[in-house]
Amino acid sequence: MRKRIWQMPLLALAAAAAAWGGTFGTAVAIGGHAADLALDEGRGVVYVANFTASRVDVMSTADYSIRTSYNVAPQPNAVAVSPDGQFLVVTHYGSWQPPNTNKSALTVINLNDGTRQTFALGFPPLGAAFGADGLALIVTQHDLLLFDPVSGATQALSSAAELAAKALPVPAGNTPALIVQASIAASGDGMWIYGLCDFGQGVVRYRYDVRRRAVSAYAFMASPPMGPRVISPSRDGSYYAAGWALFTSDGDLISQFHSNVSGLLNVGTHAIDQDSGTIYAQVPEPGATEPLLMVADADNLNVRETLRLPENFAGKSVLNAAADTMYGVSDSGILVLPVGNLRRAHRIAAASEDLIFRGNFCERRTMTQDLTILDPGGGNTDFTLSVSGPGVTVSPVSGVTPATVKVRVDPTALGGQTGTAVGSITIKSAMAVNVPDPVRILINGRNPDQRGTTINVPGKLVDLLADPVRDRFYVLRQDRHQVLVFDGSSYQQIATLRTSNTPMQMAITFDRKYLLIGHDNSQLLYMYDLDTLERMPPILAPFGHYPRSVAASGAAILVSSRKADGSAVIERVDLLTRRATTLSSLGVFENKAHLGTVLTASPNGASILAVMPDGNIMLYSANSDTFVASRKDSAKLSGAYAASSYDLFLVDNKLLNASLVPVRTLESASGTSSGFVFVDDAAIRSTSPGSAAPGVLQRVHLASGAGVRPTRMVEAPLVYVACNNQPDGFVRTLAVMYNRNSLVSLTTSGITVLPWTYDAATAPPRIERVVNAADQTNPVAPGGLISVYGSNFSPVNMASREMPLPTALGESCLTVNGVAVPMLFVSANQINAQLPFFVDGNAAMVLRTPGGVSDNYNITILPAAPSVFRTGSAGPETGIATVLRAKNGELVTGSNPIHPDDLITIFATGLGKTDPEIEAGVPAPSAPLAAALIQPRVTLGGVNLDVVYAGLAPGQVGVYQINALVPAAVPEGMEIPLTVTQGGSSTTLAVRVVKP
Amino acid sequence: MMRLFAAILLAGACAAAEYEVGGAAGAGFVKGAGVTSPAGTATAGFKTGGAFGGFLGHNAHSWLGGEFRYGYLQSDLKLSGSGGEASFSGVSHVVHYDLLIHPKKPRGNAIPFAAVGGGMKVFRGTGRETAYQPLNRYAFLTKTQEVKPMLSAGGGVKIRIGGNVYLRTEIRDYVTPFPKKVIAPAPGAKISGWLHDFVPMVGISFGL
């Protein structure tokens, strides 16, 4: 027997080693079914209750070998080590069907001297855990006992109706978790003990306060069952995971794992590392075949990473004190995860979530972008790529990290498509232990008549809201549990707000101070102060209610909550108590809502519209403080919804009056209803004929319902996509900025910005001057940054942070000799861009905008035209030449003069072609450096400087740097000429030189 | 100037009868110079700072003596104007020879004396250079070194406190042209005037 125990873990280790190639952790087989485990770090062992072999196996934490086993009474189902490490308490599950009798017992093993005592228990035990007071809480099917391992005394804490557990014998295939159906665990500080077990048709969660010796219990129904049947408290017991959800100490549901959980009691686990805010969890979906561990945020369960496991967990897990190793009950016995060494494990990821290819009407040539494949831990990990999408190829398709692959898109493969096609790159690896996210490929091929500028925002975007008093708008990113805050003028993201699990919809309180966020997988309604962007205490919905949709009128804040049983109700929020209360009725109507109900308030706070996919519509009046109208004129509704301040409402494509009577039906030929906004007494709507086609934006004549000047958008607005067995639902994808400068729409690639006058007739552009962007003088060179001045360039101001730079920005497209020019910025009168590297000599520049095509503007592109940027700033001073002293990394100025022996760096543009060649719009590489083909000469006061490097600045687009050493012989003075000469061009600026 | 210096050296060569060596410490008080620029006016100069030094003297005649002196002055650079101030660490060194004139027959133990001489002053800016310096429309406080000729004038009293030990109290005015490299006027600005560094000191000397 002893020999077999020794052999089994070794075999298991060998098997695990063979399986190391895509899985994380080591499985240790114990030759039976593990029911529970307890970590004894002082002795460097883990005690494993081997339920079917009637022993407690002792596994070394050093080498995962089982060096000894305690033969104990039959069916050990729980083990717990006393806080002082002296005692191991083992409970024995002896619930047998008649004619057998109860054989339940409790064994105390003195770990110091090896003595043991076994006590009979009146009822089958479900679990055991020690509190900080040195007493063990024993939970049986009928009572809770406090057991003193020193004296052997037992004290009844409370009794209970029969807790559910299966009597033995059970059919084959049952595991301890399916038999006992219970879990109990103490918080890391031993002050709280939490338990979870079945009770009749429901579930009981209970909490034992060790300090007060008080028990409180919560019984509830759960569907699917609360599996995995594991309870995992945080270190201080302030929250815990139970089954598929995360609860506060008081039992409120903070967050639950993904919507689609299997509820299997015997598959999965979790453990919380409170210090790092991390939860390690396996909570499988129905039918899941691959064991996967989620590494998630321990509050909103946002999954940071998914790891492949060698086998399924099957019960309790614990982390060691350093939180770098996790031990859990598994199919084979024990699964050990070195979570602290995760950085050293092979993993694979792409550096970008999305790659966006913007073809445009200027050119239809193959587009190429680099994609970096890396191991987040810095290792060398193999990978293989597969692509989907029209005209998308990748090269190479396999390799070892770190690697940069070329992704190419042939726009001709798009055919006549003028919207955005979506493809993907899937990453696989034989070595990596993680499951990498695919890279989304977005390919747009617009025509000149299509309006709007897309800004790439990765992820699943589900709601859009413009701030009524701040120049901002908010986008709800559901897959990362985030609100993305964008500036309403620059359209740049300025903040990210964390939400709870699966955010669904946003609302702003009527006083304009707070942002409210409803969730599908949390009992909490999140709240943010919009002035400080700080999170406020959340609002709690009744237990089992999930506040999904929220709207704020002048009188009340209402939420539509999904109930755990699948129904839905309307609730009212009390901001003082931070509670939501279910309304007893909705005026004269029953409080029965559809699961997919969404709410929206009129801007003047007079009403809240509730729309439901089953065709029901209701109206809450702030003046009456109740629901005043309810109608059902359609069998189903879907798409846009909006409420105006003028007693008009919109659902789908129906305009409703103040009594919710349909008064107009909007045309549906332009596509599926997506977005709708009332703007004062007018309106704008967006529709989508298909996800890869351009969307249509049109103003709506409210009196007649007729569309006015329908205009094609650059890509399709988002539409409701059936999910969770809900074929119909609502989306909010269109918003108008509070200053009426522009509109924003959620679209395929993220967001699309359109000027308020998107449908106005525009004049053709006119180019009046082209200068280099550094010192605004005329000479320009290949690869140099330029500024183009003129008129009617773009209806919006737009800066791009995308890399490579887009060749169409703000609906404008610039070409030089027919070659598209990457652009950084566009406005009505100025464009900043980078000249292509392979165009020089006399060239014609043309700008294409929705207003037409400019006349040719002829320029001469010199082989080299160095010019130093005047974009430096120091204190309040601006416009300083970008010459830096390496000694202090600061700009050369009168107070920071050049000294002999200084190494100076001159940032300039216009140094021309490089070796190796770089594509325009692409950041310069750091290895190898892209050196200027024509070497510049630098003089200071007529004295030659030693040029150490001259070429593109790594990571920059169109920016060159010259590193030069200053000799001792330079003259000193307040205005010494620093001259850069390259080819036939030169530029000079005055700098101060001081000698010691 | 050169003629005066020759006379001082000659006086030193003649003195051989009695020597005196000592050290003194005190503080330097600088009267700043005016800066004018299109932006307005400011004052450039040095902050008050500690001073110490040593000297070797000789009494050639009953009423005339001379001494070589070295002095170290903590002289942080300063620029003030428009309600603001900029400063920059700095030091200066003075090396000079002074003639000492005192009464032929002093009464009691106190020997008053007047001193006049010349030498040079080394100004050094030692602060951290930064791209932006407040008041840079007037001048730049610079990390560099500059040597200027110097006139020294002053007086004091030596008090015999026992044997050949003297307690000295004295004051000097070190007059130099303004060091326009260390405190460089900004383009368009102008610094005018001489720099007066008043240095009162107390010291001990020993007759040899």
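Author: Accessible areas here come from the Shrake-Rupley method with a 1.4 Å probe; for residues, only the protein chains shown count as cover. The model is predicted, so local features need pLDDT of at least 70 and side-chain atom pairs need 80 or more, while totals for chains, interfaces and linings use all residues. Residues are numbered from 1 along each chain as its sequence is written, chains are lettered from A and ligands numbered from 1 in the order written, and side-chain values use heavy atoms, without hydrogens and water.

Reader: What is the accessible surface of chain B, and how much belongs to carbon and sulfur atoms?

Author: The surface is about 9,400 Å². Carbon and sulfur atoms hold 64% of that area.

Reader: What share of chain B is called buried?

Author: Of the 208 residues in chain B, 48% are buried. The term means under 20% relative accessible area (exposed is over 50%, partly exposed in between; 1.4 Å probe, protein chains only).

Reader: How many aromatic pairs does a search of the whole structure find?

Author: It finds 14 over all chains. One of them is Tyr620(A) with Phe627(A), at 5.7 Å centre to centre and 65° between the planes.

Reader: Why is the Tyr620(A) and Phe627(A) pair called edge-to-face?

Author: Rings of Phe, Tyr and Trp (its six-membered ring) pair if their centres lie within 6.5 Å; planes under 30 degrees apart are stacked, over 60 edge-to-face, the rest tilted. At 5.7 Å and 65°, Tyr620(A) and Phe627(A) therefore pair edge-to-face. Both Tyr620(A) and Phe627(A) are buried.

Reader: What makes Tyr641(A) and Phe730(A) an edge-to-face pair?

Author: Their centres are 6.1 Å apart and their planes meet at 80°. Both values satisfy the ring criteria, so the label holds. The pair links distant parts of the chain, 89 residues apart. Tyr641(A) is in strand 57 (residues 641-643), and Phe730(A) is in the loop between strand 64 (706-712) and strand 65 (734-736). Strands are DSSP runs of E, at least two residues, numbered from the N terminus.

Reader: How do you know that Tyr641(A) and Phe730(A) are buried?

Author: Tyr641(A) has a relative accessible area of 4%. Phe730(A) has 9%. Each value falls under the cut-off, so each residue counts as buried.

Reader: Which residues do ring pairs link into a cluster?

Author: Tyr194(A), Phe220(A), Tyr240(A), Phe247(A) and Phe543(A).

Reader: Why is Lys158(B) said to sit over the ring of Phe113(B)?

Author: The rule asks for NZ of Lys or CZ of Arg within 6 Å of the ring centre and within 35 degrees of the ring normal. The charged end of Lys158(B) is 6.0 Å from the centre of Phe113(B), and so it qualifies. Arg699(A) likewise lies over the face of Trp756(A), at 4.9 Å from the ring centre.

How values were computed:
Helix = DSSP H or I, 4+ residues; strand = E, 2+ residues; numbered from the N terminus.
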